[in-house]
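Reader: I want to go through this model and ask what stands behind each label. Please show it first.

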Amino acid sequence: MIRITKSWANLLKDEFQKPYFKVLQNFLEEEYNTHTVYPAMENIFNALNAVKFEDVKVVIIGQDPYHEPNQAHGLAFSVQDGVELPPSLVNIYKEIEDDLHIKCEKNGNLMRWAKQGVLLLNTSLTVRRGQANSHRGKGWETFTNKIIELLAQREDPIVFILWGSNAQSFESVIGKQHLILKAPHPSPLSAYRGFFGCKHFSKANKFLEEHGKTPIDWK
């Protein structure tokens with residue numbers, strides 16, 4: 001099940017040996033054998049495999065994968081090629097277009113961001129079909145918390161984009177060398193409470209440029 005690049009494997013090797021991760025592995029084997037689980041097992045670590053630890057420029061924290069067919073592929077807020085855009089991603093694109101005065105691609109596959117250094121990390125990396133948060137509390141949070149802590153301790157500055165209370169719970173561990181951008185979740189239930197107009201994408205790029213990094217092409 002563990003298909004993960006060397007960059008992350010070296011950093012996380014101790015986690016893979018801990019009792020909680022062994023329990024998580026056993027749980028996932030049972031779930032994948034008896035239920036429909038997303039994403040496909042080989043895509044669980046796509047977010048990590050798409051960008052090396054040392055190349056991360058921006059971290060966007062999600063909660064858990066989309067739970068309907070053909071959507072989730074291991075990147076938070078992203079869907080597979082050709083899939084209708086979920087409401088949260090529609091709102092993300094709307095904010096990008098309003099903020100940067102550009103036109104986003106119609107495709108919801110955000111691998112194009114990941115390849116530029118955007119880590120799209122859900123705090124739970126798997127979910128049962130049709131059951132949001134069904135793998136919550138099974139061990140994933142311990143694992144992804146470790147990833148966020150490692151990034152938060154990095155001296156090289158990172159932009160942390162925290163949408164909603166789940167993501168904002170990580171604020172206290174993030175070092176002062178990084179930029180923290182907070183707003184309500186882009187879900188239709190909360191986007192009008194301050195997500196729209198947050199200008200996180202221009203702010204992220206301004207910070208990256210100020211620290212000698214190439215800005216993200218958010219199209």
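Reader: How many disulfides does the structure hold?

Author: Zero. Keep in mind that this is a predicted model.

Reader: How do you know that Cys 104 is in no disulfide?

Author: A disulfide needs two cysteine sulfur atoms within 2.5 Å. For Cys 104 the nearest cysteine sulfur is that of Cys 198, and it is 13 Å away. The cut-off is not met, so Cys 104 is in no disulfide. Cys 198 gets the same verdict, with the sulfur of Cys 104 as its nearest at 13 Å.

Reader: Why is Cys 104 called buried?

Author: Buried means under 20% relative accessible area. Cys 104 has 6% relative accessibility, so it counts as buried. Cys 198, with a relative accessible area of 7%, is buried as well.

Reader: Now the sheet. What is the order of its strands, and is the pairing parallel or antiparallel?

Author: The order is S3-S2-S5-S6, in an open sheet of four strands. The pairing is parallel.

Reader: What makes S3 and S6 edge strands?

Author: Each has a single partner strand, so one side of each is left without a neighbour in the sheet. S3 covers residues 118–122 and S6 covers 179–183. Neighbouring strands here are turned by 20 degrees against each other on average, with direction ignored.

Reader: How do you know that S2 and S5 pair?

Author: Pairing takes at least two bridges between the strands. S2 (residues 58–62) and S5 (residues 159–163) share three, in the parallel sense. That meets the criterion, so they pair. One of the bridges joins Val 58 to Val 159 in S5.

Reader: How many bridges join S2 and S3?

Author: Five, again in the parallel sense. Gly 62 has Asn 122 of S3 as its bridge partner.

Reader: Why is S2 described as largely enclosed?

Author: Five of its five residues are buried, so the rest of the structure largely encloses S2. Val 58, Ile 60 and Gly 62 point one way from the strand, while Val 59 and Ile 61 point the other way. In a regular strand the side chains alternate between the two faces of the sheet.

Reader: Which strands does helix H8 lie across?

Author: S2, S5 and S6. H8 spans residues 200–210 and runs at about 180 degrees to S6.

Reader: Where is Ser 190, and why is it called buried?

Author: Ser 190 sits in the loop between S6 and H8. Its relative accessibility is 11%, under the 20% limit, so Ser 190 counts as buried. Leaving aside neighbours within four places in sequence, its contacts are Pro 184 and His 185. Its C-alpha is separated from that of Ala 204 by 21 Å, at 14 residues along the chain.

Reader: What makes the span of H2 close to the expected value?

Author: H2 (residues 19–34) has 16 residues and reaches 23 Å from first C-alpha to last, against an expected 22 Å at 1.5 Å a residue. Its buried residues include Tyr 20, Phe 21, Leu 24 and Phe 27. Among the elements covering the buried residues of H2 are helix H1 (6–17) and helix H6 (140–152).

Reader: How far does H4 reach?

Author: H4 (residues 87–100) reaches 20 Å over 14 residues, close to the expected 20 Å. Buried residues in H4 include Leu 89, Ile 92, Tyr 93 and Ile 96. The buried residues of this helix pack against H5 (111–114), S5 and H8. Just after H4, His 101 takes a positive phi of about 55 degrees.

Reader: Why is the pair of Phe 201 and Trp 218 called edge-to-face?

Author: Ring centres must lie within 6.5 Å to pair, and planes over 60 degrees apart count as edge-to-face. Here the centres are 5.0 Å apart and the planes stand at 75 degrees. Both limits are met, so the label is edge-to-face. Phe 201 is in helix H8 and Trp 218 is in the segment after H8, 17 residues apart. Phe 201 and Trp 218 are both buried.

Reader: Which aromatic cluster do these two residues belong to?

Author: One that also includes Phe 77, Trp 113, Trp 163, Tyr 192, Phe 195 and Phe 196. The whole structure has 16 aromatic pairs.

Note on methods. Residues are numbered from 1 along each chain as its sequence is written. This is a predicted model: local features need pLDDT of at least 70, side-chain atom pairs count only at pLDDT 80 or more; totals for chains, interfaces and linings use all residues. Side-chain values use heavy atoms; hydrogens and water are left out. Helices (H or I, at least four residues) and strands (E, at least two) are DSSP runs, numbered from the N terminus. The expected span of a helix is 1.5 Å times one less than its number of residues. Buried means under 20% relative accessible area, exposed over 50%, partly exposed in between (1.4 Å probe, protein chains only). Contact means heavy atoms within 4.5 Å. Axes are lines fitted to C-alpha atoms, for helices over the stretch in contact, and angles run from 0 to 180 degrees between N-to-C directions. Rings of Phe, Tyr and Trp (its six-membered ring) pair if their centres lie within 6.5 Å; planes under 30 degrees apart count as stacked, over 60 as edge-to-face and the rest as tilted.
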